[in-house]
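The following exercises concern the placement of a ligand in a protein. Please examine the sequence and the structure before working through the solutions.

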Amino acid sequence: MRLASGELVVVRLPLVRPFRTSFTTQEHREAVLVHLVADDGADGWGECVASYHPFYSDEFTATVLAVGEQFLWPILRDAGQITAAHVHELLTPVRGHRMAKAAFELAVLDASLRTTGTSLADHLGGVRKRVDVGVSVGITDTIDQLLDVVGGYLDDGYQRIKLKIEPGFDVEPVRAVRDRFGPEVLLQVDANAGYEMGDWRTLAALDEHDLLLVEQPFPEDDLGSHAALAERIETPVCLDESITSAARALEAIEMGACSIVNIKAGRVGGFLEARRIHDVCRAARVPVWCGGMLETGIGRAANLALASLPGFTLPGDISASSRYFATDLTDPFELDGSTLAVPTGPGIGVTPDLDRLAACTVSTAPLAD
Ligand code: OSB
Ligand code: MG
């Protein structure tokens, strides 16, 4: 296909409750939506996972808009006939900016798969109609509040709970949740790089609570400390921020820095790179699961397609729309037990509701031909 025009739409949706992590507290989700139109009129949408702040990764709204308008769009527009499989390589001359690149790739995938009537899940090689999902629970002021929040999610049907932790909010909340809700709850923690190696005894104290995994305890560049920690604790170490490509995933696995990988297509530069990480991990018998970035229905639909691949054997951070927003940008995703349905329609299988989109839009920048 040949790209003719498009737009970058910044949307902002209030979260139903503030989401506190070791790096910041978010009260709303701001996202850049990439909308691309081909010369035959086919169009597609992609959601950029970057936030309005540079505290999880270095990308944020303003960098996505700038690199998108000034570099990514001109490269793709001027490339002539392209397929989604070309996008990653075409954009390689631009260093970094993986979240922005991933959103453009997703919009190209959506537009081209709509033309052929293929769903993203089928295109990627998905094998499941429904996927097991869990919920990521932010840090609370008190443990009582945490127990209320977790209890509410368990009542909703979620069977896997991820607790955000930080120094000073770790062993006690984990113990409290385990004691209150029992051994059958699938429980894991995410530190978002909030610890250092000197804290390893605190992390080792989590071992007795039978966690599925501890996610990204240390800074993203420090694979060595993750490998050293994995030697000292029983809880499996999972990496999120550190895994930026399939090559990096292989390196981390080979040096023993992780035994489980969180895959976020945005963090690794696209859904096709995400699939390569899935393939690398599967060959190494390393379980993977699909991470989340508080996406709207646009990004969530694509994550569900990714999570339908066979190596995604742990529940993903892909929750129902109501966990995030009073009103989503798309038709709401609703829980069935502890699962969500993988969209079956062409492309990502969803489109933004245009009234809702208009109500959430902060700015629109045209991508000219
Ligand atoms: O580390 O997984 C993370 C949200 C924003 C940034 C980083 C992370 C998260 C989540 C949210 O945990 C998971 C979700 O989208 O439900
Ligand atoms: Mg994480």
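**Exercise 1: Ligand and domains**

Ligand 1 lies between domain 1 (3-116 + 351-367) and domain 2 (122-341), because both give residues to the shell around it. The model is a predicted one.

Task: Establish how the protein chain is divided and how its parts meet.

Solution. Begin with the division: the chain consists of domain 1 (3-116 + 351-367) and domain 2 (122-341). Next, consider the separation, which is 23 Å between the C-alpha centres of domain 1 and domain 2. Finally, turn to the contact, to which domain 1 contributes 36 residues and domain 2 contributes 45 residues.

**Exercise 2: The shell**

Task: Determine which residues come nearest to ligand 1 and how the shell divides into nonpolar, polar and charged residues.

Solution. Around ligand 1 there are 16 residues, of which Ser136, Asp190, Asn192, Leu294 and Tyr324 come nearest. Sorting the shell residues by character then gives six nonpolar, three polar and seven charged.

**Exercise 3: Polar contacts and cover**

Task: Identify polar side-chain atoms that lie within 3.5 Å of an oxygen atom of ligand 1, and state where the ligand sits.

Solution. Take the lysines in turn: an N or O atom in the side chain of Lys164 is 3.0 Å from an oxygen atom of ligand 1, and a polar side-chain atom of Lys264 also lies 3.0 Å from a ligand oxygen atom. For Tyr324, the distance from a polar side-chain atom to an oxygen atom of ligand 1 is 2.6 Å. As to cover, ligand 1 on its own has 390 Å² of accessible area, and the protein covers 99% of this. The last step is location: ligand 1 sits in the largest cavity.

Conventions. Residues numbered from 1 in each chain as written. Chains lettered and ligands numbered in written order. Predicted model: local features only at pLDDT ≥ 70, side-chain atom pairs only at ≥ 80, totals over all residues. Heavy atoms only, no water. Near = heavy atom within 4 Å. Polar contact = N/O pair within 3.5 Å; in protein donor to acceptor, adjacent residues only side chain to side chain. Areas by Shrake-Rupley, 256 points an atom, 1.4 Å probe, with all protein chains shown as cover. 1 Å grid on protein atoms, 1.4 Å probe; cavity = no way out; pocket = protein on both sides within 12 Å on 5 of 7 lines; lining within 4 Å. Sits in = over half its atoms within 2 Å of the grid points. Nonpolar A, V, L, I, M, F, W, Y, C, P; charged D, E, K, R; others polar. Domains from an automatic or database assignment. Contact = heavy atoms within 4.5 Å.
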